[in-house]
Amino acid sequence: MSGGSKKLRVGFIGAGAITDLHYLGYRDYPKAELHAICDVDETLLRRRASEWQIGKTYTDYRQLLADPEVDAVEVITPHHLHAEMGIAALEAGKHVSIQKPMAITVAECDALIEAARRAGKLMRVFENFRFYPPLVKAKQLLDDGAVGEPLSIRIKCVQGVSGEDWEIPYRRWEWRFDPARGGGGRVILDYGYHLFSIAQWFMGAPEKVFAWITHRPIQHGWMLDSPAVVIWKYKDAEKYGSYEAVTSDDMLVRTKYGRPEDEWIELTGSRGFIWVNRCTSMLLDRPAVEMYRDGETTAFPEVDSDWGASFVAGVHDFVDAVAEGRQSELSGEEGKAVLRFCRAAQLSAKEGREVRPEETA
């Protein structure tokens, strides 16, 4: 925090749709302010500046990085730009939060990690689900031994429609289906990164991964990697996990944030189960967190199940970590491990064999 200010002054590199949610964390937080924004789309930039009452705008991220009043940045751009922009920001002396995935190759991840080490600045990967209150509650219950010894995790995802003539906005999604810019794999990398991150957070890193992934054309000739099933074995234990993703234009998904997709998770322990029944949206009409143990089922209705709360908490953790001189979740090493998890699934489906994450590049 420069110039004696008590607030961390942050710049957004990228002002696309997901920044609506990132902005929630800065809107009323007394420890930080959104000080500047950057986007190559000047019309979008003007609209965001007006919406958020931001005085400083840039169309070149290098100009934002040269601004001495900016203490930290959030990199919220197409995936292929993450490493380039993150490294440049660290070399400019800024703390950095990068929207997942941190990069699209392991070598780029290593370069980011090394740049943060050289700069002595905080670098973390922002993952949309890591601070979601129902998942935080489930992690606490699991760690406290509420359902005994953890045995397995099962993750189910569905992409559907909102019932409001919803169509994938071209500008927002076109780059995601370009392997050179999106990194390849809307469901396994762009979306699946969230869920593989959660699987790793709850029960550790996988030893080996096996996957089946269907690739099929959708609108604009884009290739969608769904349906998909991924299974894995955890290290040093006979414990397993699974991730299943399906897509259907006939599936109605009630959504608040314009993303008709949802996720639910089942954790199995030696004494019971923990269920997280929604995340991005509101598909299941059940309590967000439930637990079965010793013959009784308990709901936790007090837990905030608004997906936006995850972004607020995630932003606050980044700001607080800078002030406290600690690492904010996810660290660069964790972020790299999640990328390898995703890539192991893709390589397994391609080659029809078990893949160890360390094989991937």
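**Pocket**

I started with the largest pocket, which holds about 880 Å³ of space. I kept in mind that this is a predicted model. I counted 44 lining residues, and those closest to the pocket centre are Gly16, Ile76, Thr77, Pro78 and Trp175.

Next I asked which elements each supply at least two residues of that lining. They are helices H2 (42–52), H3 (61–65), H4 (82–91), H7 (170–173) and H9 (186–203), plus strand E13 (261–269). H9 gives the most, with 4 residues.

I then sorted the lining by character. I found 17 nonpolar, 10 polar and 17 charged residues.

**Sheet**

I traced an open sheet of 8 strands with mixed pairing. I read its order as E8-E11-E12-E7-E13-E14-E15-E16. Strands E8 (206–213) and E16 (296–299) are the edges, each pairing on one side only. I noted an average twist of 15° from one strand to the next.

I looked at one pair in detail. E14 (residues 272–276) and E15 (residues 289–293) run antiparallel and are joined by 5 bridges. Tryptophan 275 stands opposite glutamate 290 in E15.

**Helices on the sheet**

I came back to H9, which packs on the sheet. H9 touches E7 (150–161), E8, E11 (228–234), E12 (240–252) and E13. Its direction makes about 155° with that of E7. So I have H9 down twice: it packs on the sheet, and it gives the most to the lining of the largest pocket. E13 is also down twice, as a strand touched by H9 and as a supplier of at least two lining residues.

Last, I checked H11 (residues 332–351). H11 lies across E8 and E11 and runs at about 50° to E8.

Notes:
Residues are numbered from 1 along each chain as its sequence is written. This is a predicted model: local features need pLDDT of at least 70, side-chain atom pairs count only at pLDDT 80 or more; totals for chains, interfaces and linings use all residues. Side-chain values use heavy atoms; hydrogens and water are left out. On a 1 Å grid over the protein atoms alone, a cavity is a set of points where a 1.4 Å probe fits but cannot get out, and a pocket is an open set with protein on both sides within 12 Å along at least five of seven lines; lining residues have an atom within 4 Å of a point. Grid points are joined across faces, edges and corners, and a volume is the space filled by probe spheres set on the points. Ala, Val, Leu, Ile, Met, Phe, Trp, Tyr, Cys and Pro count as nonpolar, Asp, Glu, Lys and Arg as charged, and the others, Gly among them, as polar. Two strands pair if DSSP finds at least two bridges between them. Axes are lines fitted to C-alpha atoms, for helices over the stretch in contact, and angles run from 0 to 180 degrees between N-to-C directions. Contact means heavy atoms within 4.5 Å.
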